[in-house]
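User: I have a model open and would like to go through a few of its local features with you. Could we take them one at a time?
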Amino acid sequence: QVQLIESGGGLVQAGGSLRLSCAASGRTFSRLIMGWFRQAPGKEREFVAAISRSGDNTRYADSVKGRFTISRDNAMNTAYLEMNSLKSEDTAVYYCAADFAPFGQSLSSSRYAYANWGQGTQVTVSS
């Protein structure tokens, strides 16, 4: 089991930026596939971005491509989500997710592919 703690959420005006962080417990961070998901009120939890163990491969939802950047620092056991050009529709609770996926498996956008979740951090974008 991996403990994940998100931080960095808050209130920002449309067009602004935020950086979310996800700190993981333990010494196994470099073995984890990391992902970010979000859930708006009344909606299902949706995929935002994912990153491979080394950070060489990333995957994004079409809705955030070109605006959000996922990254990781394996020495710091932390993953990040840099969010730029924020829109009101980006308002949601953002969740960090992680999984010990088999080597060679492609980055998944399914919430069911991730076994470990953080508690979430609220991002509110005012228009």
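User: Along strand 7, which side chains point to one face and which to the other?
Analyst: In strand 7 (residues 68–73) the side chains alternate, with Phe68, Ile70 and Arg72 pointing to one face and buried, while Thr69, Ser71 and Asp73 point to the other and are not buried. Strands here are DSSP runs of E, at least two residues long, numbered from the N terminus, and buried means under 20% relative accessible area, exposed over 50% and partly exposed in between, with a 1.4 Å probe and protein chains only. This is a predicted model, in which local features need pLDDT of at least 70 and side-chain atom pairs count only at pLDDT 80 or more, while totals for chains, interfaces and linings use all residues. Residues are numbered from 1 along each chain as its sequence is written, and side-chain values use heavy atoms, with hydrogens and water left out.
User: How many bridges join strand 7 to strand 8?
Analyst: Six bridges join them, and the two strands run antiparallel, strand 8 covering residues 78–83; pairing requires that DSSP finds at least two bridges between two strands. Asp73 has Thr78 as its bridge partner in strand 8.
User: And what is phi doing at Asn77 in that hairpin?
Analyst: Asn77 takes a positive phi near 55 degrees in this hairpin, which has four residues between the strands, and Asn77 is a residue other than glycine. Asn77 counts as buried because its relative accessibility is 18%.
User: Changing topic, how many salt bridges are there?
Analyst: A search of the whole structure finds four, a salt bridge being a side-chain nitrogen of Lys or Arg within 4 Å of a carboxyl oxygen of Asp or Glu. One of them joins Arg38 and Asp90, whose closest N and O atoms are 2.9 Å apart. Arg38 lies in strand 4 (residues 33–39) and Asp90 in the loop between strand 8 and strand 9, so this pair ties together parts that are 52 residues apart in sequence.
User: Buried or exposed, those two?
Analyst: Arg38 is buried, with a relative accessible area of 6%, and Asp90 counts as buried at 0% relative accessibility.
User: What else does Asp90 form a salt bridge with?
Analyst: Asp90 also forms one with Arg67, where the closest N and O atoms are 2.7 Å apart. Salt bridges that share partners join Arg38, Glu46, Arg67 and Asp90 into one network.
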